[in-house]
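Please load the model in a viewer and keep the selection panel at hand. The tour below proceeds stop by stop, stating what to select and what is found there.

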Amino acid sequence: MKPADTAGPPEVVCTDLGKVFSVGGKTVEAVQPFDLSIAAGQTTALVGPSGCGKSTLLRLVAGLDLPSSGTVRIGGDTPRAVSQRAGLAIAFQDAALLPWLTVRQNVALALKLARRPVEPDRVTALIDLVGLGPFADTRPAELSGGMRQRAAIARCLITEPGLLLLDEPFGAVDELTRARLNQDLPALWQKRGTTTLLVTHSITEAVTLSDRVIVLSPRPARVIADFAIDPDANDADFRAMVAAVTNALVLGGESVRTP
Amino acid sequence: MLLALGLWQALALLTSGTFILAGPVAVGGHILGNAPLLVRAALTTLQSAAIGFVIGNGLAIALAVIAISLPRLERLVSGLALVLFCLPFVATGPILRVIHGVGDGPQIALAALATYYTSYLCLMVGLRAAPASWLDLVRSYGRGRFTELVRVRAMAAMPYFIAGLQIGAPAAFLGAMIGEFTGAERGLGVLSIRAMRALDVDMSWAIATLAAVIATLAFWFFGWLGRRLDAAPPPLLIAPRQDATSPSAGAGLLAALVQLVAITALVLALWIGLMEAFGLSPFFAKRPQDVFAFLVLAPDAAANRSVLLDAFWQTLSLTVPGYFFGLVLGAGLAVVMVLRPAMAATALPVAIALRSIPIVTTAPLIVLALGRGAVGTITIVAVMIFFPTLAACLEGMRRTPRPVLDIFDSYAAPPWQRLVHAQLPAMAPAFFAAARMAVPASLLAATTAEWLATGTGMGSLMALTASTSNYALLWSAIVLLAVTASIAYGLVQLLERRILKTFASEQLAL
């Protein structure tokens, strides 16, 4: 079993990846077969209208659902193999913390699930780092939405995964808290150069956090625009980028020009 | 389904000649051969059950509305409801029979008693399930509590109420059958007693099968009704939340004592009041003072007590092991099924269907199979508790939040880790709800088995005293069993609150 972090962050390659659900006898195409590769160490945002299949795409990459066609390879391995060595971690809009465990126990649980020794000092240090120090021994029910998301992010990071999958992680918190979380947390994984796949419907969030923004069409999801984000952009460039992404979303894939 | 039928037939063939088991072929043939008789009996029982069901639910609605409208009285009402639920059918049945004479009265009364408590619990949870914002909306238009109750709370309670009806419908059928055991003229219960006395194995199994089918159909009907009304099944049968404020330990103890005294006083007042109001003869309608005299003041009080307690210990020594066996087996099988998900998918509907079978009606069969010793009675108690526990535990674990399980999957965590860290804690509220409801059920099963089959313990004592008109002893038995059941129920609830405080605070607060 090789530790996830020795090899560096992995590249994610989806080949001919598609997903068809059957609901009550009818088949619904959630993701139209497509190819996508996400460079190692980059943060890539998937934006698209509600229900377009972007969460499904993330679940396919995480190995939580099996694709109807095509393959996902994470650093050349299947999602299942990567899961088994705790090489990936996922966070949802619902923090999905276990309500009967404290923040500390929730974070430590990830280490137990990853079959790694629980180092209490490291757990405490990470909880401090996400700003929950005073609340380490508090149960989720007593925390605010933003605090719960911080705890969920800490749980993701404690195993130092090479691939981080974020499904609307800050979708359920208010605008102000969201802005603060966006300011504080991404630095934690971007410093380590983790490959990150972020699903969001906030265009500003996508442009601010990512190296690359992929715009998806309404269901069935397919790529309609693909923007590289210049990290050194000034305010005017940034606004132009947000406008371009918005434009791509509104036009739904018709005559999109990449700036 | 076919597999189960095949297994049943094979078992029957294996045990043929032992007068224990009739296979599906024999049972089917017997039902067809005696169709007019069986259908007439079933319709009679069904009618009693239906009337009792309506009355029981009316009672449940009345109690719940009182408790919700007058929050100060809630604990009192809940306590009274519990004591009423803990009355042993084996004793109340014969007494109702004496009061009412021949006819449908006792069947209907027992059907109502068997039904109302689950409905009451479900209503209490449901009437509180309305989000505060809905209630605020009503108040913002200047409307009062009545509008709140009718427009908002009643609507929010609907899915919970239907879930209660679903569990209550088979119970009503069971109550009606037990009522018929006490000496009705017609009905499945009467046929059941007759078949057992005549060692008519085919008939016994035919009746049990028919009762099971009817109870299961009733269960399905209310499930279908719930879906038709678009009332999604509510989370669970949870302990009704008491006050939102939790007093300090000392004050809590004092308040609990005051409550206990108040409930006792209320029960005694109702006991005396009802008897006087209906002018019931003191010969068979013993008052509390008669019971006290019988057990404490009379010259032979010590002898009376020892007769009662001997039977009591006998019953308890069978009920307690049966209770724990049933709980452990139910929860254990649920865990096994969850570890083998393919099994759970097929087993859940079967378990839910089997839960609705009036198990006590099969008591004679189990005793027939396992003999009149301790094993038979313990098995009946365990079986009575096993199916509801299994169904509740499976349902509880099924409610583990999907994202939580996804987190476990994203680490490729093995099934036992999901079980220990997520599914077992998620199961806890359902398990305790089942354990609570199983307390009176286990005493009912044990006393019914003793009454109908083994001839030992409280069940037999109560049947005997009813037939020899030793009513003081009978009433003492009722008091002892009702108090025991209420205390045991309270203890389970106390343990439940302790554990859920840690494991499912958010579910307690529902």
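Does Glu168(A) count as buried, partly exposed or exposed, and how many C-beta neighbours lie inside 10 Å? Select Glu168(A): it counts as partly exposed because it has 19 C-beta neighbours inside 10 Å. The cut-offs are 20 or more other C-beta atoms within 10 Å of a residue's own for buried, 12 or fewer for exposed, and in between for partly exposed, with C-beta atoms placed from the backbone.

Before moving on, note that this is a predicted model, in which local features need pLDDT of at least 70 and side-chain atom pairs count only at pLDDT 80 or more, while totals for chains, interfaces and linings use all residues. Residues are numbered from 1 along each chain as its sequence is written, and chains are lettered from A and ligands numbered from 1 in the order in which they are written.

**Chain A: two positive phi angles**

Remain at Glu168(A), which sits in the loop between strand 6 (163-167) and helix 6 (175-184) of chain A. Helices (H or I, at least four residues) and strands (E, at least two) are DSSP runs, numbered from the N terminus. Glu168(A) is not a glycine, yet its phi is positive, at about 50°. Most residues other than glycine have a negative phi.

Next select Asp16(A), in strand 1 of chain A. Asp16(A), again not a glycine, has a positive phi of about 55°. Asp16(A) counts as exposed, because 11 C-beta neighbours lie inside 10 Å.

**Chain A: the sheet**

Extend the selection to strands 1, 2 and 4 of chain A, which form an open sheet of three strands in the order 2-1-4, with antiparallel pairing. Strands pair if DSSP finds at least two bridges between them. Strand 2 (26-38) and strand 4 (69-74) of chain A stand at the edges with a single partner strand each, so one side of each has no neighbour in the sheet. From one strand to the next, the twist averages 25°.

Now isolate strand 1 (residues 12-23) and strand 4 of chain A, an antiparallel pair with five bridges. One place to look is Val13(A), whose bridge partner in strand 4 of chain A is Arg73(A). Add helix 1 (residues 54-62) of chain A, which packs on the sheet and touches strand 1, strand 2 and strand 4 of chain A. The direction of helix 1 makes about 120° with that of strand 1 of chain A. Such angles run from 0 to 180 degrees between N-to-C directions, and axes are lines fitted to C-alpha atoms, for helices over the stretch in contact.

**Between the chains**

Display both chains: 20 residues of chain B are in contact with 20 residues of chain A. Contact requires C-beta atoms, placed from the backbone, within 7 Å of each other. On the chain B side, two or more residues each come from helix 17 (402-410), helix 18 (415-454), helix 20 (471-503) and helix 21 (505-508). Helix 17 of chain B gives the largest share, seven residues. By class, the chain B side has twelve nonpolar, five polar and three charged residues. Here Ala, Val, Leu, Ile, Met, Phe, Trp, Tyr, Cys and Pro count as nonpolar, Asp, Glu, Lys and Arg as charged, and the others, Gly among them, as polar.

**Chain B: helix packing**

Colour chain B by secondary structure to see 21 helices and zero strands. Of the 510 residues in chain B, 49% are buried.

Select helix 13 (residues 301-339) and helix 16 (residues 374-398) of chain B, whose axes are 6 Å apart at an angle of about 35°. The contact of helix 13 with helix 16 of chain B has 22 nonpolar, six polar and no charged residues. Within helix 13 of chain B, pick Val307(B). Computed along the sequence, Val307(B) and Leu473(B) are 166 residues apart, but their C-alpha atoms are 9.0 Å apart in space.Then select helix 7 (residues 132-140) and helix 8 (residues 145-181) of chain B, which pack at an angle of about 135° with axes 10 Å apart. In helix 7 of chain B, Trp134(B), Leu135(B) and Val138(B) meet Thr147(B), Glu148(B), Arg151(B) and Val152(B) in helix 8 of chain B. This contact has four nonpolar, one polar and two charged residues.

Finish at helix 19 (residues 457-467) of chain B, where nine of the eleven residues are buried. Among them are Met458(B), Leu461(B) and Met462(B). Ser469(B) follows helix 19 of chain B and has a positive phi, near 60°.

Methods
Contact = placed C-beta atoms within 7 Å.
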